[in-house]
Amino acid sequence: MFLKGIKDKFKQKSGRKYIKQALEKPSYVSTREKGISSLGCIVDLDKFEKSDLFFQFLEDFSLRPNAVKIIGYKSYYDKNSPYSTPVFSDKDLGWNGEIENSYALEFLSREYDLLVNYYNENNLLLNLMSVKTKARIKVGFSEVGPDFNDLMLDTPIEDFKIFKAELKKYLGVFKEI
């Protein structure tokens, strides 16, 4: 028990070190053209449980049915409980910033035009997912900061409708939609 706590502490330290090194490197440069054709969402399910609302982006941005991929984070989850959204948690943290979760690895294997970081607190696992995801544009909340988001919206996390309206407005200004 005691050794497990020490092991987890060192895993977190190595994860923070990985993030620091990743932020010092030049950011990912996409070869994708302008416009939104694929969208990834990293959602903090502890704070916002209605992950199915993100499928509204299909209609709003005129996307194909399989263009939106969602992954959720829960600080603790029971593997035997059914979740409608693929989930990862703190216990999926491996050494050197690796994430040991098949859903997370499948999410990270894709490239996105837009990544929505739908969380408003700095969290090691959520930040790791954001850093590791290949996306042309990353959007999130102002509380997380510019290290993980290209566009930061100052809206309440509980009000998805306002977030969606603001995102659509700014993507229109950038001529992405």
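Is Ser-89 buried or exposed? Let's start there, and please keep in mind that everything I show today comes from a predicted model.

Ser-89 sits in the loop between strand S3 (87-88) and helix H3 (102-108). Its relative accessible area is 1% and the cut-off for buried is under 20%, so Ser-89 counts as buried. And what is Ser-89 in contact with, once we leave aside its neighbours within four places in sequence? The list is Tyr-73, Lys-74, Ser-75, Tyr-77 and Leu-125.

Let's compare that with another loop residue. Asp-150 is found in the loop between S5 and S6. Its relative accessibility is 57%, and exposed means over 50%, so Asp-150 counts as exposed. Asp-150 still has neighbours: not counting residues up to four places away in sequence, it touches Arg-136, Ile-137 and Lys-138. If you want a ruler across the model, the C-alpha atoms of Asp-150 and Gly-40 are separated by 15 Å, with the two residues 110 apart along the chain.

Now to the inside. As a bit of background, nonpolar side chains tend to be buried together in soluble globular proteins. Here, the largest nonpolar core has 29 residues. Which of them touch the most other members? They are Leu-39, Phe-54, Leu-114, Val-116, Tyr-118 and Leu-167. The elements giving two or more residues to this core are strand S1 (39-44), H2, strand S2 (68-73), S4, S5, S6 and H5. H5 gives the most, with 4 residues.

Take Leu-39 as one of those well-connected members. Leaving aside neighbours within four places in sequence, Leu-39 is in contact with Phe-57, Phe-61, Leu-63, Ala-67, Val-68, Lys-69, Tyr-112, Leu-114 and Val-116. There is also a second, separate core of 23 residues, and it includes Tyr-73, Ile-99, Tyr-112 and Leu-126. You may remember Tyr-73 from the contacts of Ser-89.

Let's stay with H5 for a moment. This helix covers residues 160-173, which is 14 residues, and reaches 20 Å from its first C-alpha to its last, close to the 20 Å expected at 1.5 Å a residue. Its buried residues are Phe-160, Phe-163, Lys-164, Leu-167 and Leu-171. Why do these belong to one side of H5? They cover an arc of only 95° around the axis, which puts them on the same side. On the other side of H5, Lys-161 and Val-173 are exposed. If you rotate the model, you can look for what covers the buried residues, including helix H2 (56-60), strand S4 (111-118), strand S5 (134-141) and strand S6 (151-153).

Just past that helix comes Lys-175, with a positive phi near 55°. At 64% relative accessibility, Lys-175 counts as exposed. Ser-62 is another non-glycine residue with a positive phi, near 50°. Ser-62 lies in the loop between H2 and S2 and is exposed, with a relative accessible area of 66%.

For those of you who like rings, how many aromatic pairs does a search of the whole structure find? The search finds 15. Phe-48 and Phe-54 form one that is edge-to-face, at 6.1 Å centre to centre with 80° between the planes. Phe-48 counts as buried at 3% relative accessibility, and Phe-54 is buried with a relative accessible area of 0%. Phe-54 also pairs with Phe-57, and that pair is tilted, at 6.1 Å centre to centre and 45° between the planes. Both Phe-54 and Phe-57 are buried. Following the ring pairs gives a cluster of Phe-48, Phe-54, Phe-57, Phe-61, Tyr-118, Phe-141, Phe-160 and Phe-163. Phe-160 and Phe-163 are among the buried residues of H5, and Phe-54 and Tyr-118 are among the core members with the most contacts to other members.

One last stop, helix H1. H1 runs over residues 2-24, so to speak 23 residues, and reaches 34 Å from its first C-alpha to its last, close to the 33 Å expected at 1.5 Å a residue. Its buried residues are Lys-11, Ser-14, Gly-15, Ile-19 and Ala-22, and these pack against helix H4 (124-132). Finally, Lys-132 lies over the face of Tyr-18, at 4.7 Å from the ring centre.

Thanks, everyone, and do bring your questions.

Terms used. Residues numbered from 1 in each chain as written. Predicted model: local features only at pLDDT ≥ 70, side-chain atom pairs only at ≥ 80, totals over all residues. Heavy atoms only, no water. Expected span 1.5 Å × (residues − 1). Buried < 20%, exposed > 50% of the residue type's maximum accessible area, 1.4 Å probe, protein only. Arc of directions from axis to C-beta. Contact = heavy atoms within 4.5 Å. Phe/Tyr/Trp six-rings, centres within 6.5 Å; stacked < 30°, edge-to-face > 60°. Lys NZ or Arg CZ within 6 Å of the ring centre and 35° of its normal. Core = buried A, V, L, I, M, F, W, Y, C linked by side-chain atoms within 4.5 Å.
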